[in-house]
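Reader: I am new to this structure. Please take a close look at one part of it, the salt bridges, and walk me through them.

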Amino acid sequence: MKKKIRVLIAKPGLDGHDRGAKVIARALRDAGMEVIYTGLRQTPEMIAETALQEDVDVVGLSILSGAHNALLPRVVQLLREQGLDDVLVIAGGIIPDEDVPALKEAGIAAVFGPGTITDEIVSFIEEHVRGDEAG
Amino acid sequence: MMKLVEQALTGDRRALARLITLVENNGAEAHEALSTLYPHTGRAHIVGVTGAPGTGKSTLVNELAKAYRAQGATVGIVAVDPTSPFSGGALLGDRVRMRDLFGDPGVFIRSMASRGSLGGLARATADVVQVLDAVGYDVILVETVGAGQSEVEIARTAHTTLVVEAPGLGDEVQALKAGVLEIADILVVNKADREGAIHTVRALQMMLDLGQPQVTMHHGQAMEVAGLVGLADDGWKPPICQTVATSGQGVPELMDCIADHRAYLRESGEWERRERLRAAAQLENLLRERLIAHLLDQIGQERLNEIIARVVRREVDPHSAVEALLRQVDSP
């Protein structure tokens, strides 16, 4: 049996709009993945702890508040501190192009803006997830 | 892999999480890990929580976990949500209601997809519960898929099964239907602050009274009513607890009911009987799984396709086809 890809979809920070996160969660589910959805207003610490307990392959962060430069690198840092080195971290939401290089530098594998086709995210995950075990 | 088991047994949460994944994916390594862990199991009190969608199971699990933590017990939680039969994917959303438990090292929450199993649990749920038991969690709360008339698997996994109801979901005829009510050790009417809660309690009460062997008067005639047949047919009368999980109201009383049930299991010898039923059910499941795999392997896909085609063409009926297939393989 092919190993199931497990994805955590989380919304760090204080904005209250989770439609995008829900759309992505549903698209990944429809692509055959197991999606853990945690709801609004998660701290980076909560996200890292959930990722650890759920042993996910991917963490998808949706953020619209503008606090991405502070929160996203913090999530990656906490994941790495807990030894979750091989977890793929991707982001979506409202993130200006000029911020993307620094985020990638900080360990965010990809940033998907508004208007991204969900298939694109699905293929990105399938290609980049812990390649050895997930087919 | 053995290193993972050792680390998990010493309290490494990352190792525990990875071990659970291994067990969930059910390979040869999983069997080895489980057999190493097995001598460490048997200490935890396993509490199942089942009921229809929207009755408040996850919120109740959140409240129960907080109450156990206040008593100093460590808590493992396994929350099962359904896998889509179409895509094979799943949306696991029980954590949304469990955010109070964040940051507590005495709590470990794991979401599981049912992965095609019926009966409200995943195939590997019992194994994951064993892993949490082995690494030392005192109480393990198992939340089933929300459905409501066939979640009997939980009664074979848990020591104490809570069936959660809420007002306004159906009349007393629902309560009379066969299924989950027979497996309840404790009935919980959640959302008890809502209108109609008292009717739900009454309907359940009536059903429970019918379940007890008794002589009742009906049109002036004495009528003997036999006891209900079911897994819970053991001398324990399920109490009905009313809770409002969102505020925690009624949760202390529910905790008392669970403690009473645990004491009852220990004193009556029912604990051992249930352990025996559980072991029997698990062995039977594993045997069935292995036997089928073994048989299919011996028969071969080509021969199987051929006989399926013959059944479709009405050249042979399904029962005779199975007879023929079984004659062909030597018994394993």
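Author: What follows is a walk through some of the salt bridges, one pair at a time.

A word on the model comes before the pairs. The structure is predicted. Chain B has an average pLDDT of 87, and 88% of its residues score at least 70. Confidence in chain B peaks in strand β5 (residues 139-143), at 97. Helix α7 (residues 172-176) of chain B has the lowest value, a mean of 57.

Now the pairs. Side chains of opposite charge can pair when their charged atoms come close. Over all chains, a search of the whole structure finds 28 salt bridges.

Start in chain A. D57(A) pairs with K3(A) in a salt bridge. Their closest N and O atoms are 3.1 Å apart. Where do the two residues sit? D57(A) is in the loop between α2 (44-54) and β3 (58-63) of chain A. K3(A) is in the segment before β1 (6-10) of chain A. The pair therefore ties together parts that are 54 residues apart in sequence. Is D57(A) buried or exposed? D57(A) has a relative accessible area of 2%, so this residue is buried, the cut-off being under 20%. K3(A) is at 13% relative accessibility and also counts as buried.

Next comes a pair that crosses between chains. R95(B) forms a salt bridge with E54(A). Here the closest N and O atoms are 2.6 Å apart. R95(B) lies in the loop between β3 (90-92) and β4 (107-113) of chain B. E54(A) belongs to helix α2 of chain A. R95(B) is buried, at a relative accessible area of 9%. E54(A) is buried too, at 1% relative accessibility.

The third pair stays within chain B. K66(B) bonds to D100(B) through a salt bridge, with the closest N and O atoms 2.9 Å apart. K66(B) sits in helix α4 (residues 57-70) of chain B. D100(B) is in the loop between β3 and β4 of chain B. The two are 34 residues apart, and the pair links distant parts of the chain. How accessible are they? K66(B) is partly exposed, with a relative accessible area of 32%. D100(B) is partly exposed as well, at 46%.

Finally, some salt bridges share partners. These join R6(A), E34(A), E54(A), E24(B), R95(B), R110(B) and R115(B) into one network. Both members of the cross-chain pair, R95(B) and E54(A), are in that network.

Key:
Residues numbered from 1 in each chain as written. Chains lettered and ligands numbered in written order. Predicted model: local features only at pLDDT ≥ 70, side-chain atom pairs only at ≥ 80, totals over all residues. Heavy atoms only, no water. Salt bridge = Lys/Arg side-chain N within 4 Å of Asp/Glu carboxyl O. Helix = DSSP H or I, 4+ residues; strand = E, 2+ residues; numbered from the N terminus. Buried < 20%, exposed > 50% of the residue type's maximum accessible area, 1.4 Å probe, protein only. pLDDT = per-residue confidence, 0-100.
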